[in-house]
Structures are given as C-alpha cells and as structure tokens.
Amino acid sequence: MSTTSSSRGAEEDLPPFDREHVLKHTQSPNPSWTYGQKLSETDKGKAWLAGEKEGWTVFDPEKEGSRQTYLLLISGVIPRPIAFVSSISETGVYNLAPFSWFNTVSSNPPTIVIGCTNLPTRIHDTALNIIATKQFTVNLISETFIENANFTAVDTPIDHSEWPASGLTMADSVYVKPPRVRESVFSLECELSHQVDLSPAGSSRATSTVLFGLVKRIHVRNDVLNEKGVVNPALYRPVARLGDISYTTLGDAFRLPRLAWADVGSDVVEAEEAIRI
Ligand SMILES: Cc1cc2nc3c(=O)[nH]c(=O)nc-3n(C[C@H](O)[C@H](O)[C@H](O)COP(=O)(O)O)c2cc1C
C-alpha cells in the first residue's frame with residue numbers, strides 16, 4: 001500500500017502513544033473534604049481560584065456564529081464518548097462513521113442519543129440510513145483500533161462503503177440488520193425511537209438531526225467483563241473525544257460514594273450550624 005503516514009494525518013513530531021499505561025485507582029483529589037469546606041481552604045483550591053484574576057468571557061451563540069460555537073462546545077464539553085455507528089442504506093450500502101455528540105440518556109427504557117450535524121445540502125449518510133431503515137449499531141472504540149475508526153469519518157460518496165478501507169470486520173448482529181464492529185468489545189444494537197430536527201431561531205432548515213436509539217441488544221466481549229458482570233475499564237481501554245482533532249484515553253480512576261441523607265443528614269446539619277456561627 002502506498003499510503004504514507006502523513007497522508008493519514010499522523011503528527012510525527014509528537015512522542016509515541018503510551019501503550020503501557022495501566023489504569024489504577026487512587027484517592028479522590030481532596031479526600032479530606034468535609035461538609036461546607038470551600039476551595040479557598042486548601043492550597044490546590046486557592047490556586048484554582050487564582051485563575052479568576054483573568055475574569056470571564058460570556059459567549060452568546062447567536063452572535064458568535066455556528067463555527068465558533070461548535071469549536072467552543074466540542075472543546076469544553078469533554079471528554080465525550082464516541083458512537084461508532086454502523087448502518088445500511090436503503091440501497092444496501094454498508095456505512096460506518098463516528099459521532100461524539102453521543103451519550104446514553106436512560107437505562108429504562110435503555111436509550112442512547114446521537115447528534116448529526118446536517119450539511120448545507122444534505123444530511124449525513126448515517127442519519128439518512130437510520131431514518132430510512134430505523135436500525136443501527138453503536139460500537140464503542142478502544143485504543144487498538146482508533147486509527148481504523150478515525151478513517152471512517154472520511155467524506156466518502158454515498159454509494160461508497162467505509163468498511164473495506166477501515167480494516168475493520170463486520171460481525172453479525174442478532175436483532176438488527178446492520179453489523180457490529182467485531183473489534184469493538186462493547187456494542188449496542190439499536191432501533192430508532194425518536195427523531196428531533198433542530199433549526200436555528202428564525203430558520204426552518206434543520207441544521208441538526210438528533211436521533212434517539214432504543215437499545216435492543218448489548219454485546220460485551222467476555223474478557224472485559226469483571227466478576228460483577230460489568231465492564232472493567234482497565235481492559236476495555238476506551239477512547240473519547242476532546243476538542244479539535246484530539247482524542248483521549250482514560251487516566252487513573254478514583255471512587256467517591258454517593259451519600260444518603262439518612263446516613264449523613266445530621267452531620268450535614270451540624271456542619272451547617274457550625275458554619276453559621
Ligand atoms: C471522532 C469523531 C467524532 C465525530 N462526531 C460527529 C458528531 O457527533 N456529529 C456529526 O455530525 N459528525 C461527527 N463527526 C463527523 C462524521 O463522522 C463525518 O462527517 C462522517 O463523514 C459522517 O459519515 P456519514 O456521512 O457516512 O454518516 C465526527 C468525526 C470524528 C472523527
């Protein structure tokens with residue numbers, strides 16, 4: 001194959017990817033935090049607040065324009081999980097593309113949402129296919145095949161499948177027709193449940209098509225499942241999206257319990273009374 005790494009967009013002046021990083025659990029950033037404690041009471045917190053010296057900028061999306069608003073949102077709302085979506089056109093073209101306006105929004109009913117930005121003259125093939133066939137799969141991306149997945153964002157003509165050049169493999173789904181990505185250790189088979197078209201104020205043109213998917217099947221590769229039957233992130237090694245063309249992987253993890261008023265309420269009230277004094 002004659003493709004050079006620069007033609008694939010690799011940035012060769014950066015250090016190599018750290019494949020050896022092992023996710024470990026650490027303490028939370030401020031394990032001695034207690035009810036009512038302000039940031040100004042710790043050195044790290046004070047240093048954080050020192051940034052306020054620079055003041056704030058308030059952006060009004062309507063004045064800023066869609067491009068700058070897009071750049072701000074994708075750089076600020078991070079990290080975003082990526083839906084690697086497999087769909088099939090009405091004419092039988094197998095499509096694959098990544099979408100990071102994506103998340104799960106409900107487990108009952110199990111529902112995911114994907115935001116497709118519409119092009120001036122047409123909507124993305126993925127949106128077109130899902131609206132036409134009502135079926136798709138969402139495959140989560142791990143480090144080992146991010147280059148393959150990133151390739152599929154290429155703007156192929158509508159009759160040209162991204163699958164062959166991606167180097168990825170189709171695996172049969174059990175409920176929907178679009179295949180799963182075999183290399184993905186976590187895939188969802190989905191049925192379109194809702195479509196919401198978004199238009200800017202004063203315009204009737206839908207600039208964004210938001211698709212809700214009802215999750216009909218969840219495929220998990222057994223080697224990433226832990227003894228509790230959930231996914232072990234250290235083995236899964238998922239990739240997420242940052243702003244611009246940056247991606248990220250997981251750093252370390254920490255655990256913080258969710259508190260119940262029944263357990264902590266009296267301590268909270270006591271602390272509040274002490275603060276008032
Ligand atoms: C990591 C990544 C995330 C992306 N997220 C989105 C997204 O959330 N919404 C969108 O409209 N396009 C997104 N894109 C761009 C689409 O993947 C790209 O336009 C692709 O060609 C769409 O394919 P399709 O026309 O075959 O559906 C993203 C691209 C990359 C590389």
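Which side-chain atom lies 3.4 Å from an oxygen atom of the ligand? Keep that in mind for the second view; the model throughout is a predicted one.

**View 1. The whole protein chain, with eight helices and 14 strands.** Start here to get your bearings. Along the principal axes, the C-alpha atoms fill a box of roughly 70 × 50 × 45 Å. The protein chain has 277 residues, and 31% of them count as buried.

**View 2. The ligand and the residues around it.** The ligand is surrounded by 18 residues, and P98, S100, W101, T117 and T126 are the closest. Now for the opening puzzle: it's a polar side-chain atom of E162 that sits 3.4 Å from a ligand oxygen. Backbone atoms join in too. A polar one from S100 is 2.8 Å from a nitrogen atom of the ligand, and a polar one from D125 is 3.1 Å from an oxygen atom of the ligand. On its own the ligand has 640 Å² of accessible area, and the protein covers 87% of that.

**View 3. A nonpolar patch on the surface.** Five residues build this one: Y70, L71, L73, V77 and W101. Together they make a patch of about 410 Å². You've met W101 already, as one of the residues closest to the ligand. Look for V77 in the loop that runs between α3 (66–76) and β2 (80–81). With a relative accessible area of 49%, V77 is partly exposed.

**View 4. Two cysteines, C116 and C190, that are in no disulfide.** How far is the sulfur of C190 from C116? The gap is 13 Å, and no other cysteine sulfur is nearer to C116. A disulfide needs the two sulfur atoms within 2.5 Å, and by this rule the structure has zero disulfides. Both cysteines are tucked away from the surface: C116 is buried at 1% relative accessibility, and C190 is buried at 0%.

**View 5. Salt bridges, three of the six in the structure.** Side chains of opposite charge can pair when their charged atoms come close. Take K46 and D43: their closest N and O atoms are 3.8 Å apart. These two are three residues apart in helix α1 (residues 43–50), so about one helical turn separates them. K46 is partly exposed at 46% relative accessibility, while D43 is exposed at 62%.

Next come D60 and K63, with 3.5 Å between their closest N and O atoms. D60 counts as partly exposed, at 33% relative accessibility, and K63 as exposed, at 72%.

The third pair is R237 and E143, whose closest N and O atoms are 3.0 Å apart. R237 is in the loop between α7 and β12 (239–241), and E143 is in the loop between β7 (135–139) and α5 (146–151), so this pair ties together parts that are 94 residues apart in sequence. Is E143 buried or exposed? At 16% relative accessibility, E143 counts as buried, whereas R237 is partly exposed at 22%.

**View 6. Sequence distance versus distance in space.** S86 belongs to strand β3 (residues 83–88) and is buried, with a relative accessible area of 0%. Count along the chain and S86 is 103 residues from E189, but in space their C-alpha atoms are 9.6 Å apart. Now try G229, in the loop between β11 (208–220) and α7 (233–236). G229 is partly exposed, at 48% relative accessibility. From G229 to S187 is 42 residues in sequence and 15 Å in space, C-alpha to C-alpha.

Definitions and conventions:
Residues numbered from 1 in each chain as written. Predicted model: local features only at pLDDT ≥ 70, side-chain atom pairs only at ≥ 80, totals over all residues. Heavy atoms only, no water. Buried < 20%, exposed > 50% of the residue type's maximum accessible area, 1.4 Å probe, protein only. Patch = residues over 30% accessible without salt bridge, like charges linked within 9 Å, V, L, I, M, F, W, Y side chains within 5 Å. Areas by Shrake-Rupley, 256 points an atom, 1.4 Å probe, with all protein chains shown as cover. Salt bridge = Lys/Arg side-chain N within 4 Å of Asp/Glu carboxyl O. Helix = DSSP H or I, 4+ residues; strand = E, 2+ residues; numbered from the N terminus. Near = heavy atom within 4 Å. Polar contact = N/O pair within 3.5 Å; in protein donor to acceptor, adjacent residues only side chain to side chain.
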